Amino acid sequence: MKKVMICTALIVLCIAIATGLAYAGGQGGLNYGPYPALLVCAVIAFSVQWLAFIPAYVFQTEHYYDLIGSSTYVIIVLLALYLSSGLAQGLDDRALLLTALVVIWAARLGPFLFRRVKQAGKDGRFDLIKVSIPRFLLTWTLQGLWVFVTLVAALTAMTSQHREPLGIVAVFGALVWLLGFALEVVADAQKSAFNKQPENAGKFINIGLWRWSRHPNYFGEIVLWCGIALIAVPVLQGWQWLSLISPVFVIFLLTRVSGVPLLEKRSDEKWGGNADYERYKTETSVLIPLPPKRGV
């Protein structure tokens with residue numbers, strides 16, 4: 001009963017955080033009836049997760065978790081574009097650019113993560129979680145929060161009543177996004193190619209970008225969302241500035257919660273004590289790609 005109450009409280013907290021951000025970012029934004037368009041996006045983000053949770057629990061599968069998450073990014077950003085163009089009676093170049101960048105990112109990452117789970121047969125993170133209704137539902141709710149908060153800077157800019165022509169800041173933001181996207185794609189491709197080689201079975205990757213960073217894909221992820229936030233900046237006003245929590249949220253999650261800490265722990269459990277691995281950890285940056293340290 002205690003676990004059920006804790007999960008319920010956390011689900012309510014997730015909803016409260018998203019609602020607060022939606023109303024803050026909705027100040028000076030477009031309304032859909034009496035509600036901020038941003039709130040409509042938040043409601044859909046959670047609704048998609050809760051609908052997906054039902055068959056996932058019934059069939060006890062986590063195979064579609066990441067795919068649903070990435071699909072939700074696409075659904076929400078297209079919804080925001082639709083609401084923006086309809087309520088403001090015209091398409092906005094900034095909204096189109098943000099939509100394109102998010103769709104490109106999600107269209108690549110979602111299928112990639114789905115294939116990885118299918119090849120592995122399961123995602124070990126869910127072994128104990130998926131048998132519990134409250135814990136599994138919480139996990140899907142957290143994904144809804146993740147999607148909305150990560151997107152909130154872009155969504156706020158897209159649904160803002162204030163519009164500005166694309167300028168140098170947007171161009172710079174797009175270039176930052178491109179850098180982050182390229183780093184993530186190359187890092188994922190290098191790791192996939194490494195793992196496909198039979199001689200690398202049971203080994204850790206320490207070549208290419210992975211020689212300069214132990215988590216270059218996560219660094220790319222952080223950089224591209226910083227680029228999205230930069231594109232949004234020129235039209236933010238008042239309470240809308242709170243939407244810049246987006247890249248901060250991504251950094252926090254990947255460096256303190258589910259990204260780097262989790263994989264570092266798994267790697268230590270698997271290769272800890274191995275001389276080559278311990279040397280790799282000593283010489284290689286945790287996140288930011290840097291030349292390997294020599295003679296350490």
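Helices here are DSSP runs of H or I, at least four residues long, numbered from the N terminus. With that in mind, welcome to this predicted model; let's take a walk through it.

**Stop one: Thr 150.** Select helix α5, residues 133-158, and pick out Thr 150 within it. Is Thr 150 buried or exposed? Its relative accessible area is 2%, so Thr 150 counts as buried, the cut-off being under 20%. Now show Trp 146 as well: a polar atom of the Thr 150 side chain lies 2.6 Å from the backbone oxygen of Trp 146. Which residues does Thr 150 touch once its neighbours within four places in sequence are set aside? Add Tyr 73, Trp 225, Ser 246, Phe 249 and Val 250 to your selection, and you have those contacts on screen.

**Stop two: the aromatic rings.** The whole structure holds 13 aromatic pairs. For one of them, select Phe 204 and Trp 271, which meet edge-to-face, with 5.7 Å between centres and 65 degrees between planes. This pair joins distant parts of the chain, 67 residues apart: Phe 204 is in the loop between α6 (168-196) and α7 (209-212), while Trp 271 belongs to helix α10 (residues 260-271). Both Phe 204 and Trp 271 are buried.

Next, select Phe 53, Tyr 57, Tyr 65, Phe 136 and Trp 140 together; these residues make up one aromatic cluster.

**Last stop: a charge over a ring.** Finish by selecting Arg 108 and Phe 112. What sits over the ring of Phe 112? Look for the charged end of Arg 108, placed 5.4 Å from the ring centre.

Note on methods
Residues are numbered from 1 along each chain as its sequence is written. This is a predicted model: local features need pLDDT of at least 70, side-chain atom pairs count only at pLDDT 80 or more; totals for chains, interfaces and linings use all residues. Side-chain values use heavy atoms; hydrogens and water are left out. Helices (H or I, at least four residues) and strands (E, at least two) are DSSP runs, numbered from the N terminus. Buried means under 20% relative accessible area, exposed over 50%, partly exposed in between (1.4 Å probe, protein chains only). A polar contact is a pair of N or O atoms within 3.5 Å; within protein, one must be able to donate a hydrogen and the other to accept it, and residues adjacent in sequence count only if both atoms are side-chain atoms. Contact means heavy atoms within 4.5 Å. Rings of Phe, Tyr and Trp (its six-membered ring) pair if their centres lie within 6.5 Å; planes under 30 degrees apart count as stacked, over 60 as edge-to-face and the rest as tilted. A charge sits over a ring if NZ of Lys or CZ of Arg is within 6 Å of the ring centre and within 35 degrees of the ring normal.
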